[in-house]
Amino acid sequence: MIDLHSHILAGIDDGARTLEESIALAKQASEQGVTHMVCTPHIHPGTFDNTLTTIEKSFVATVNAVHQHDIPLKLSYACEVRLGIEVPEKITSNALPFLGHFQGKRVLLLELPHSHIPVGVDSLVRWLTKRDIQVVIPHPERNRDVLAHYEKAIWLKRLGVMFQATAGAFSGTFSESVKQCVWQMLEDKLISYVASDMHNLHKRPNEMKAAFDCISKDKGEVVANTLLHTVPAQITENTQWR
Ligand SMILES: [Fe+2]
């Protein structure tokens with residue numbers, strides 16, 4: 001499986017705190033059947049002030065540590081950027097690493113706050129679309145506006161965004177309402193792919209295998225394979241794995 005969302009880079013966001021934790025997370029992901037993983041640390045001004053430099057530095061240290069421990073996991077990096085007024089400037093100054101490509105467009109992982117869908121998201125999505133950037137919104141099933149007003153997810157989808165569901169949501173790691181929401185979104189073909197969004201071993205481990213198994217059971221192995229392998233592979237077709 002190919003995991004396009006993870007926080008295993010040490011010390012630069014709310015994921016792994018040390019290289020030892022990075023190694024433990026990489027090992028656990030590999031045990032889940034993940035062969036390739038994109039590290040996507042937060043870029044969230046005022047909270048996680050990451051830049052290409054901080055990400056690259058932590059990435060190099062993590063890759064070296066993972067290889068030294070013979071963990072069969074290929075890595076690359078991008079970011080999970082928080083929606084905000086600074087996004088256009090960061091795009092025009094090439095300050096954001098992209099997740100990959102989809103249908104000729106660069107793919108940006110754009111995080112909304114969990115509490116709501118902010119006013120202006122449609123303008124930003126249109127601005128990005130005009131610049132041939134495909135927006136992926138992670139974990140829509142955990143957004144409180146989507147949970148309360150499901151039609152808002154349909155509205156976002158019609159704007160042209162892709163949705164990435166969280167692996168753990170399918171088996172109920174978050175809550176019953178999140179679980180119901182993600183299965184409904186899958187039923188309605190709103191989900192483009194599934195990723196772990198792993199942060200730590202105790203509360204937010206990699207749950208790609210559990211997601212693969214329960215989606216296979218309910219929707220068939222072809223659907224599970226599309227969501228956890230084929231689409232992520234398409235997006236990272238030109239990625240240089242390390
Ligand atoms: Fe994340």
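1. A residue is taken as buried if 20 or more other C-beta atoms lie within 10 Å of its own, and as exposed if 12 or fewer do. With that in hand, His139 can be placed: it has 23 C-beta neighbours inside 10 Å and therefore counts as buried. The structure discussed here is a predicted model, and the points below should be read with that in mind.

2. His139 sits in the loop between strand E8 (133–138) and helix H5 (144–148). Its phi is near 35°, which is a positive value in a residue other than glycine, and a reader who inspects the backbone in this loop may wish to begin there.

3. Asn94 also has a positive phi, near 55°, and is likewise a residue other than glycine. The loop that holds Asn94 runs between helix H3 (87–92) and strand E6 (100–102). Is Asn94 buried or exposed? With 9 other C-beta atoms within 10 Å, Asn94 is exposed, whereas His139 is buried.

4. Turning to the chain as a whole, the protein has nine helices and ten strands. Its C-alpha trace spans about 45 × 45 × 30 Å along the principal axes. For 242 residues, a compact globule would have a radius of gyration near 18 Å, and the 17 Å of the protein chain agrees with this.

5. Two further values describe how the chain is packed. Buried residues make up 45% of the 242 residues in the protein chain. Of the contacts with a separation of 6 or more, 75% are accounted for by residues 24 or more positions apart.

6. Helix H8, residues 208–219, can be checked for its length. At 1.5 Å a residue its twelve residues should span 16 Å, and the end C-alpha atoms are indeed 16 Å apart, so expectation and model agree.

7. Which residues of H8 are buried? They are Met208, Ala211, Phe212 and Ile215. Seen down the axis of H8, the buried residues fall within an arc of 100°, so they line one face of the helix. The general background is that an α-helix has 3.6 residues a turn, so residues three or four places apart point the same way.

8. The buried residues of H8 are covered by elements that include strand E1 (2–3), strand E10 (191–195) and helix H9 (221–235). After H8 comes Gly220, whose phi is positive, near 100°.

Terms used
Residues are numbered from 1 along each chain as its sequence is written. This is a predicted model: local features need pLDDT of at least 70, side-chain atom pairs count only at pLDDT 80 or more; totals for chains, interfaces and linings use all residues. Helices (H or I, at least four residues) and strands (E, at least two) are DSSP runs, numbered from the N terminus. The radius of gyration is taken over C-alpha atoms; the globule rule is 2.2 Å times the number of residues to the power 0.38. Two residues are in contact if their C-beta atoms, placed from the backbone, lie within 7 Å. The expected span of a helix is 1.5 Å times one less than its number of residues. The arc is that of the directions from the helix axis to the C-beta atoms.
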